[in-house]
Amino acid sequence: MSITPSTLYCVATPIGHLGDLTPRAAEVLGAVGTVYAEDTRVTQRLLTHLGIQQRLISLHDFNESQRIVSILEALKLGASLALVSDAGTPLI
């Protein structure tokens with residue numbers, strides 16, 4: 001899979017069984033530079049299940065305004081990032 005530079009991928013995660021993640025979602029999570037997640041503990045379980053070691057940073061209601069600047073800067077510099085929620089499609 002080809003990852004597009006300067007792209008924020010919103011990745012839907014499974015509700016319940018980790019095996020329900022789509023192959024494309026798994027490819028994106030393994031290929032981006034950083035994964036942003038509501039709860040890194042929950043997302044780390046998913047990444048571990050997939051055998052993916054990825055930079056994981058928390059992004060939730062309480063730190064969103066602080067993180068937005070660094071996310072936009074990373075995108076401007078060409079980074080490809082993923083956003084996941086604890087379970088289900090991320091909220092934007």
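1. Which residues is Ile-15 in contact with, once its neighbours within four places in sequence are left aside? Ala-87 and Gly-88. Keep in mind that this is a predicted model. Ile-15 has its place in the loop between E1 and H1, and it is exposed, with a relative accessible area of 67%. Exposed here stands for over 50%, so Ile-15 qualifies at 67%. Compare its position with that of Ala-74: the two are 59 residues apart in sequence, and their C-alpha atoms are 29 Å apart in space.

2. Now the sheet. It is open, has 4 strands in the order E1-E4-E2-E3, and the pairing is parallel. The edges are taken by E1 and strand E3 (55-58), each with a single partner strand, so each has one side left without a neighbour in the sheet. From one strand to the next, the twist averages 25°.

3. On the pairings themselves: E1 and E4 run parallel over 4 bridges, and Val-11 sits opposite Val-84 in E4. E2 and E4 also pair in the parallel sense, over 4 bridges. There, the residue opposite Leu-81 in E4 is Thr-34.

4. E1 is worth a look face by face. Tyr-9 and Val-11 make up its covered face, while Leu-8 and Cys-10 are on the uncovered one. That fits the usual pattern, since side chains in a regular strand alternate between the two faces of the sheet.

5. Helices against the sheet: H1 lies across E1, E2 and E4, and runs at about 140° to E1. H3 packs on the sheet too, touching E1, E2, E3 and E4. The direction of H3 makes about 145° with that of E4.

6. What holds the middle of the picture? The largest nonpolar core, with 16 residues. Val-11, Val-28, Leu-29, Val-32 and Ala-82 are the ones with the most contacts inside it. Two or more residues each come from strand E1 (8-11), helix H1 (23-31), strand E2 (34-37), helix H2 (40-50) and strand E4 (81-84). H1 gives the most, with 4 residues.

7. Ala-82 deserves its own point. Leaving aside neighbours within four places in sequence, Ala-82 is in contact with Leu-8, Tyr-9, Val-11, Val-28, Leu-29, Val-32, Thr-34, Val-35 and Tyr-36. There is also a second, separate core of 8 residues, and Tyr-36, Ile-57, Ala-74 and Leu-83 are among them.

8. Helix H3 (residues 64-76) passes a simple length check. Its 13 residues should span 18 Å at 1.5 Å a residue, and the end C-alpha atoms are 18 Å apart, so the two agree.

9. Which residues of H3 are buried? Ile-71, Ala-74 and Leu-75. Because these cover an arc of only 95° around the axis, they fall on the same side of H3. The cover over the buried residues of H3 includes E1, E2 and E4. On the face turned away from that buried side you'll find the exposed residues Ser-65, Gln-66, Val-69 and Lys-76.

10. One last backbone detail: just after H3, Gly-78 takes a positive phi of about 100°.

Notes
Residues are numbered from 1 along each chain as its sequence is written. This is a predicted model: local features need pLDDT of at least 70, side-chain atom pairs count only at pLDDT 80 or more; totals for chains, interfaces and linings use all residues. Side-chain values use heavy atoms; hydrogens and water are left out. A nonpolar core is a set of buried Ala, Val, Leu, Ile, Met, Phe, Trp, Tyr and Cys residues joined through side-chain atoms within 4.5 Å. Buried means under 20% relative accessible area, exposed over 50%, partly exposed in between (1.4 Å probe, protein chains only). Contact means heavy atoms within 4.5 Å. The expected span of a helix is 1.5 Å times one less than its number of residues. The arc is that of the directions from the helix axis to the C-beta atoms. Two strands pair if DSSP finds at least two bridges between them. Axes are lines fitted to C-alpha atoms, for helices over the stretch in contact, and angles run from 0 to 180 degrees between N-to-C directions.
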